[in-house]
Amino acid sequence: MKSDKVIEIDHLSYDYPDGTSALREVQLEVFRGESVAILGPNGAGKSTLLYHFNGTLIGNGKVTILGLPLLKENLKEIRRKVGLVFQNPDDQLFCPTVYDDVAFGPLNMGLDLEKVRYRVERALKMVGLQGFERRSAHHLSEGEKKRVALATVLAMDSEILALDEPTDNLDPAGSQALIERIRQTSQTKVIITHHLALAIDLCNRAVFLQAGRKVEDLPMERLLENRALLERFGFDADFIHWIYERKRKIKKN
Amino acid sequence: MRHEFLDHHSGLESPIHHLDPRAKILVFFAFILIGVSTPPHGFVIFILLAGGLISITRMARLPLFHLVKKLLLILPFLLVITASIPFMKKDTVAGGYNLGLGGLSLSRSGLWILWNVVVKSCLGVFCIILLYSTTPFPHLVKGLEKLGVPKVFTLLLSFMYRYSFLLVDEMHRMKRARDSRSFSRRWFWQLKTIGHMIGTLFLRSFCRAERVYVAMLSRGYHGAMPGVSLERFGSGEYLFIAIVPVLLFLRFFLG
């Protein structure tokens, strides 16, 4: 199991065209079935790293996704296998109706209409939005938009889900609903978030970025014991412990 | 926020709303063509065309008064362009009306031109209002595409539709932010701010366009927008299209 690497990143650096250095010598390996939380302050390079998973950005260094090196000729194959959900759902949902948006990926994959219809139906069911096919994105609430954005990649049957702040801008009920939907997906997941409760809930591993460098990479349980690290990144360690213990007790009962 | 300006009525239920968008586009296009090609003194045809449009409005269960109010929106533009024609045009043959105000005279042919422009624009715009009030925008775009409008245009239209709402929201947010920090109500002093706002809006739209394109690429976009097929073209559609030969008959035998 452990040997099945789905993402391999070796000495990856990336500079934005204006000269800002966003990533410096980042090393990361993600194995099949893992859920990895990427944490860190604003501007640490989290999104930039995520954009390398499907070749939205191509930096200096070696990136291998599911055994395929990140090169121009592999992009089509890689994008089919990595479902990237952007932070702002208004960027992700560009079609006139929800159906068209969810169908966009499968249609581009060349599936026939019958299969596309089935995939759209299944993806919308997975995010709990059956019957929304004919609605327009601008008539949806923020939480519904986020769920449709997730459905657009679920419909593609990607092997890896890369989510950029999935619960950003959502109210507590909306983010809880979305967390439940994400939990039910079986893919390998990489999730950028500032929401530590989500990371604890969904992920078994935490990676910390700071100023473009990877500064920590540890299993989730170890993070919860590491009070100094939590405080260094501005998290309230006592509160997090309290939540974590409570959850564990609830699970035991 | 304020999204009602486009899809206010297009989601209603009525026989007209249920028609295939292609049929509606063809019929309203015929209305416009026949209206425009009618000579200005063809009052009978104008009345019949208006009657036809009003009956369609009734069948579509749309509030006529509301649509007419929308029509009034174009009048200022129309009048700015045409109001001077009757005064500027000089009749060669007698037939003008002298108003006696410093040599100001009203020309009869000028008045005909004014009537011609006003009645035809009103007819045309009313057709467009009726078309988008009875057809959801995505269907309209698909209908145009099926009728052979180049994909570049329909694609642009559908993006414009999708993002016009965000643009309007963004503008309202910026306006609110400005108003909460500015105390002068005089717009003249805010010209500089308005300039900045327009610039910011442009830059934000530009950046958004880049992000949207990346999102499209991420889901396998390779230059062609996958189309979704329209449904049936049944007897109702053919019946509705039958209005076109009737209009043609009116135009050539009554005009």
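Two strands are taken as paired if DSSP finds at least two bridges between them. The exercises below apply this to a predicted model.

**Exercise 1. The open sheet of chain A**

Determine the strand order of the open four-stranded sheet in chain A, and state which strands form its edges.

*Solution.*
Step 1. The order of the open sheet is S2-S1-S4-S5 (chain A), and the pairing is antiparallel.
Step 2. An edge strand pairs on one side only, a condition met by strand S2 (21–31) and strand S5 (68–69) of chain A.
Step 3. For the edge at S5(A), the partner is strand S4 (residues 60–65) of chain A, and the two are joined in the antiparallel sense over two bridges. Since the criterion asks for at least two bridges, this pair satisfies it.
Step 4. Within this pairing, Ile65(A) stands opposite Leu68(A) in S5(A).

**Exercise 2. A strand covered on both faces**

Establish which residues of strand S6 (residues 82–85) of chain A point to each side, and whether they are buried or exposed.

*Solution.*
Step 1. In a regular strand, side chains alternate between the two faces of the sheet.
Step 2. In S6(A), Val82(A) and Leu84(A) lie on one side, and Gly83(A) and Val85(A) lie on the other.
Step 3. A residue is called buried if 20 or more other C-beta atoms lie within 10 Å of its own. All four residues of S6(A) are buried, so both faces of the strand are covered.
Step 4. S6(A) also pairs with S7(A), here in the parallel sense and over four bridges. In that pair, Gly83(A) stands opposite Leu161(A).

**Exercise 3. Two crossing helices**

Describe how helix H4 (residues 98–108) and helix H6 (residues 142–154) of chain A pack against each other.

*Solution.*
Step 1. The two helix axes come within 7 Å and cross at roughly 35 degrees.
Step 2. The crossing of H4(A) past H6(A) is right-handed.
Step 3. From H4(A), the contact uses Val98(A), Asp101(A), Val102(A), Phe104(A) and Gly105(A); from H6(A), it uses Val148(A), Ala151(A), Thr152(A) and Val153(A).
Step 4. Sorted by class, the contact contains six nonpolar, two polar and one charged residues.

**Exercise 4. Positive phi values in loops**

Locate Asp157(A) and Arg61(B), and state what is notable about the phi of each.

*Solution.*
Step 1. Most residues other than glycine have a negative phi.
Step 2. Asp157(A) has a phi near 55 degrees, a positive value in a residue other than glycine. This residue is found in the loop between H6 and strand S7 (160–164) of chain A.
Step 3. Asp157(A) has 17 other C-beta atoms within 10 Å, and it is therefore partly exposed.
Step 4. Arg61(B) also has a positive phi, near 55 degrees. Its place is the loop between helix H4 (43–59) and helix H5 (64–72) of chain B.
Step 5. Arg61(B) has 14 C-beta neighbours inside 10 Å and therefore counts as partly exposed.

**Exercise 5. The surroundings of Tyr16(A)**

Is Tyr16(A) buried or exposed, and how far does its C-alpha atom lie from that of Gly59(A)?

*Solution.*
Step 1. Tyr16(A) belongs to the loop between strand S1 (5–15) and S2 of chain A.
Step 2. The limit for an exposed residue is 12 or fewer C-beta atoms within 10 Å. Tyr16(A) has 11 such neighbours and so counts as exposed.
Step 3. Tyr16(A) and Gly59(A) are 43 residues apart along the chain, and their C-alpha atoms are separated by 9.5 Å.

**Exercise 6. The two chains and their contact**

Characterise each chain as a whole, then describe the side of chain B that touches chain A.

*Solution.*
Step 1. Chain A contains 11 helices and 10 strands, while chain B has 13 helices and two strands.
Step 2. A compact globule of 253 residues would have a radius of gyration near 18 Å; the value for chain A is 18 Å, so the two agree.
Step 3. Buried residues account for 47% of the 253 residues in chain A. In chain B, 20% of the 255 residues count as buried.
Step 4. The contact between the chains takes 23 residues from chain B and 24 residues from chain A.
Step 5. In chain B, helix H9 (137–146), helix H10 (151–179) and helix H11 (191–218) each supply at least two residues of the side that touches chain A. The largest share, seven residues, comes from H11(B).
Step 6. This side of chain B comprises 14 nonpolar, five polar and four charged residues.

Definitions and conventions: Residues are numbered from 1 along each chain as its sequence is written. Chains are lettered from A and ligands numbered from 1 in the order in which they are written. This is a predicted model: local features need pLDDT of at least 70, side-chain atom pairs count only at pLDDT 80 or more; totals for chains, interfaces and linings use all residues. Two residues are in contact if their C-beta atoms, placed from the backbone, lie within 7 Å. Ala, Val, Leu, Ile, Met, Phe, Trp, Tyr, Cys and Pro count as nonpolar, Asp, Glu, Lys and Arg as charged, and the others, Gly among them, as polar. Axes are lines fitted to C-alpha atoms, for helices over the stretch in contact, and angles run from 0 to 180 degrees between N-to-C directions. A crossing is left-handed if the near helix is turned anticlockwise from the far one by less than a right angle, and right-handed if clockwise. The radius of gyration is taken over C-alpha atoms; the globule rule is 2.2 Å times the number of residues to the power 0.38.
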